[in-house]
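User: I would like a close look at a single part of this model, with its surroundings described in enough detail that I can follow along in the viewer. Please take one helix and say what lies against its buried face, then go on to other places worth inspecting.

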Amino acid sequence: EAYENWEAVKKYPHVIGDFVWTAWDYLGESGIGHTSYEGEARGLKKFPWHVANCGDLDICGRKRPQSHYRDFLWNDRKKPYIGVWHPKDWGKEEKISPWGWPDVLESWSFPGYDGSKVKVVVYAAGDQVELYLNGELLDKKSCGAKTRYIQEFEIQYISGKLEAVAYADGLEVSRASLCTVGR
């Protein structure tokens with residue numbers, strides 16, 4: 001509900017901000033922010049889980065997808081963010097815990113999955129976003145506030161370079177890319 005909450009902040013002068021649980025991930029409440037493809041995504045997780053998995057920054061201080069998303073709401077971010085669900089989860093229904101976020105990876109490296117279907121999410125400002133794979137335009141969709149800065153694509157995984165280009169009024173705003181890594 002990040003988008004709705006921030007819209008209330010902008011609309012109502014008596015609302016002073018939004019509350020995020022939590023900024024920095026932590027040890028304890030293991031897996032409280034997990035997702036599941038089997039059964040409900042509720043409660044804590046047993047070993048080997050250690051972290052809560054609900055912070056905007058992971059345990060090492062790297063931004064997680066939800067933090068990148070909030071940049072569009074709070075900071076007028078221009079550079080798109082690309083997140084990818086692992087191809088092994090194609091076609092499965094993801095259930096997200098109340099403190100969770102979709103289990104997307106900032107990666108385009110899935111050895112052994114060439115040719116598999118994959119779902120990609122792009123968080124983008126502007127009014128349109130194009131998705132390219134190895135220089136070929138795959139699709140063009142609306143983005144920005146009218147889509148809550150979220151746009152999803154279903155494509156085929158082929159190693160190489162995945163790129164999102166955001167436009168406003170026909171002019172490029174910014175671009176981002178993910179590249180397959182070697183061995």
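Analyst:

**Helix α1 and two further sites**

In this predicted model, the cover over the buried residues of α1 includes α2, which spans residues 65-74. Helix α1 itself runs over residues 2-11, and its buried residues are A2, Y3, W6 and V9. These four lie on the same side of α1, because they cover an arc of only 120° around the axis.

A second place to inspect is Q128, which is located in strand β5, residues 128-133. With a relative accessibility of 30%, Q128 counts as partly exposed, because buried would require a value under 20% and exposed a value over 50%. Leaving aside residues up to four places away in sequence, Q128 touches K140, K141, S142 and C143, and also V165, A166 and Y167. With K140 there is, in addition, a polar contact of 3.4 Å between the side chains. The C-alpha atom of Q128 is also separated by 6.7 Å from that of A168, although the two residues are 40 apart along the chain.

The third place concerns the surface, where F19, W21 and W99 make a nonpolar patch of about 390 Å². Of these residues, W99 is found in the loop between β3 (95-96) and β4 (117-123), and its relative accessibility of 41% is why W99 counts as partly exposed.

Methods: Residues numbered from 1 in each chain as written. Predicted model: local features only at pLDDT ≥ 70, side-chain atom pairs only at ≥ 80, totals over all residues. Heavy atoms only, no water. Helix = DSSP H or I, 4+ residues; strand = E, 2+ residues; numbered from the N terminus. Buried < 20%, exposed > 50% of the residue type's maximum accessible area, 1.4 Å probe, protein only. Contact = heavy atoms within 4.5 Å. Polar contact = N/O pair within 3.5 Å; in protein donor to acceptor, adjacent residues only side chain to side chain. Patch = residues over 30% accessible without salt bridge, like charges linked within 9 Å, V, L, I, M, F, W, Y side chains within 5 Å. Areas by Shrake-Rupley, 256 points an atom, 1.4 Å probe, with all protein chains shown as cover. Salt bridge = Lys/Arg side-chain N within 4 Å of Asp/Glu carboxyl O. Arc of directions from axis to C-beta.
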